[in-house]
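Work through the exercises below with the sequence and the structure open. Try each task before reading its solution.

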Amino acid sequence: QVQLVESGGGFVQAGGSLRLSCAASGRTFTTYTMGWFRQAPGKEREFVARITWSGSSTYYANSVKDRFTISRDNAKNTVYLQMNGLKPEDTAVYYCAARLSSTITWNYWGQGTQVTVSS
């Protein structure tokens, strides 16, 4: 089992920045590919970004590319999402997720952290 706890959400004006953190505990952190997803009110949960266990490969949704950066610190069992140039449409609950690097199913989820961007 892997337990994930997000933090860092909040309220920010358009154009501002936030950094989300996700602390993992349980099984070996380096075994897992880590990701961020988000869900806006009335919408389905959508993929935001993911990073491989070594941090050597990242992938982003087109809507956040060049504005968001995912990173991880394996010594701290933590993954981050730096969000710059925030837009009102980025308003959502952001979830951290983990999956074994050899699989495609996201097995573990955090409880989510709210990000609200005002215009």
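**Exercise 1. Place Ser118 and decide whether it is buried or exposed.**

Step 1. Find the element. Ser118 belongs to strand 11, residues 113-118. Keep in mind that the model is predicted.

Step 2. Check the accessibility. The relative accessible area of Ser118 is 18%. Buried means under 20%, so Ser118 is buried.

Step 3. List the contacts, leaving aside neighbours within four places in sequence. Ser118 touches Phe11, Val12, Gln13, Ala14 and Pro88.

**Exercise 2. Describe the aromatic pair of Phe37 and Trp106.**

Step 1. Count the pairs. The structure has five aromatic pairs. Phe37 with Trp106 is one of them.

Step 2. Pick the descriptors. Two values describe a pair of aromatic rings: the distance of the centres and the angle of the planes.

Step 3. Apply them. The centres of Phe37 and Trp106 are 5.3 Å apart, and the planes make an angle of 80°. Planes over 60 degrees apart count as edge-to-face, so the Phe37–Trp106 pair is edge-to-face.

Step 4. Locate the partners. Phe37 is in strand 4, residues 32-39. Trp106 is in the loop between strand 9 (92-100) and strand 10 (108-109). The two are 69 residues apart, and their pair links distant parts of the chain.

Step 5. Check burial. Phe37 and Trp106 are both buried.

**Exercise 3. Which residues form the aromatic cluster, and which charged ends sit over the rings of Trp109 and Trp106? Start from the cluster.**

Step 1. Name the members. One cluster holds Phe37, Phe47, Tyr59, Trp106 and Trp109.

Step 2. Take Trp109. The charged end of Arg45 sits over its ring, 4.5 Å from the centre.

Step 3. Take Trp106. Over this ring sits the charged end of Arg99, 4.9 Å from the centre.

**Exercise 4. What are the phi values of Asp66 and Asn77, and where do these residues lie?**

Step 1. Read phi for Asp66. The angle is positive, about 75°, although Asp66 is not a glycine.

Step 2. Place Asp66. Its loop runs between strand 6 (58-60) and strand 7 (68-73). With a relative accessible area of 80%, Asp66 is exposed.

Step 3. Read phi for Asn77. The value is near 55°, again positive in a residue other than glycine.

Step 4. Place Asn77. This residue is in the loop between strand 7 and strand 8 (78-83). Its relative accessibility is 28%, so Asn77 counts as partly exposed.

Terms used
Residues are numbered from 1 along each chain as its sequence is written. This is a predicted model: local features need pLDDT of at least 70, side-chain atom pairs count only at pLDDT 80 or more; totals for chains, interfaces and linings use all residues. Side-chain values use heavy atoms; hydrogens and water are left out. Helices (H or I, at least four residues) and strands (E, at least two) are DSSP runs, numbered from the N terminus. Buried means under 20% relative accessible area, exposed over 50%, partly exposed in between (1.4 Å probe, protein chains only). Contact means heavy atoms within 4.5 Å. Rings of Phe, Tyr and Trp (its six-membered ring) pair if their centres lie within 6.5 Å; planes under 30 degrees apart count as stacked, over 60 as edge-to-face and the rest as tilted. A charge sits over a ring if NZ of Lys or CZ of Arg is within 6 Å of the ring centre and within 35 degrees of the ring normal.
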